[in-house]
Amino acid sequence: MNRSIAAALGLAIAFACGAASAAQNTPAKKPAAAKPAAKAPAEAPLPEATGEQTAAAAMTHFGDYACEFNQSVKVSMTPKHDGYVDVQFGKRTWTMRPVLSSTGALRLEDVKGQTLMLQIAHKSMLMDVKVGQRLVDECQHEKQLEAKRAYQQQQAQAGGSGGGLLQADNPSR
């Protein structure tokens, strides 16, 4: 029995020494060559703006909007594509197609279908249409603030009988 233990111990030592020797003679593996960074897929070109889209883009309030909770949105013309606008909120920017709705509201529709900015007479809101929730609300451009003040002044002079809606927003008129 002592012989079998000694033989097993000898084999284990020989195996360990052989493995260590082989490791010393084997050249170190080179680190794998860095793969080139995957290129972002090229964005599909935007279709040329229609006359209706260009007219709707001209109605867009460009510039900064002050929003609820001390947040802000910035709307600017898309430099590479006439008739499109860029909407920036936080660190995100979306390219949007302006569409005038039948109610008079201006819809800025994300070309990728993720977001929508709705611009009405006295405020705007930015929504995530995929999730179905508002990203930010109560956004007001200086022109919307002017429209709201004018409406409030009109209501004060008329005795406040307007029901609280801007005339452009009232579907019954």
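In what sense do E5 and E6 pair, and over how many bridges? I would like to start there this morning, keeping in mind throughout that what we are looking at is a predicted model. E5 and E6 pair in the antiparallel sense, over four bridges, and within that pairing Arg107 stands opposite Leu118 in E6. The two strands form a hairpin with four residues between them, and in the turn you will find Gly113, which has a positive phi of about 75°.

Let me stay with E6, which covers residues 115-119, and follow its other pairing. Strand E7, residues 124-128, runs antiparallel to E6 and is joined to it by five bridges, with Met127 in E7 as the bridge partner of Leu116. Here too the connection is a hairpin, which passes from E6 to E7 through four residues. As for exposure, E6 is mostly covered, since four of its five residues are buried, and buried here means under 20% relative accessible area.

That brings me to the nonpolar core. In soluble globular proteins, nonpolar side chains tend to be buried together. In this model the largest nonpolar core has 16 residues, and those with the most contacts inside it are Val73, Val75, Val87, Met96, Leu108, Met117 and Leu126. At least two residues of this core are supplied by each of E2, E3 (85-89), E4 (92-100), E5 (106-110) and E8, and the largest share, three residues, comes from E3. If you centre your view on Val75, and leave aside residues up to four places away in sequence, you will see that Val75 touches Val85, Asp86 and Val87, as well as Leu108 and Met117, among others. The contacts of Val75 also include Thr60, His61, Phe62, Gly63 and Tyr65.

Finally, the disulfide. How many disulfides does a search of the whole structure find? The search finds one, and this disulfide joins Cys67 to Cys139, with an S to S distance of 2.1 Å. The pair links distant parts of the chain, 72 residues apart, with Cys67 in the loop between strand E1 (63-66) and strand E2 (72-77), and Cys139 in strand E8, residues 133-139. The link is right-handed, with 110° about the S-S bond.

Are these two cysteines buried or exposed? Cys67 has 10% relative accessibility and therefore counts as buried, while Cys139 is buried with a relative accessible area of 0%. I will stop there and take your comments.

Technical notes
Residues are numbered from 1 along each chain as its sequence is written. This is a predicted model: local features need pLDDT of at least 70, side-chain atom pairs count only at pLDDT 80 or more; totals for chains, interfaces and linings use all residues. Side-chain values use heavy atoms; hydrogens and water are left out. A disulfide is a pair of cysteine sulfur atoms within 2.5 Å. Buried means under 20% relative accessible area, exposed over 50%, partly exposed in between (1.4 Å probe, protein chains only). A nonpolar core is a set of buried Ala, Val, Leu, Ile, Met, Phe, Trp, Tyr and Cys residues joined through side-chain atoms within 4.5 Å. Contact means heavy atoms within 4.5 Å. Two strands pair if DSSP finds at least two bridges between them.
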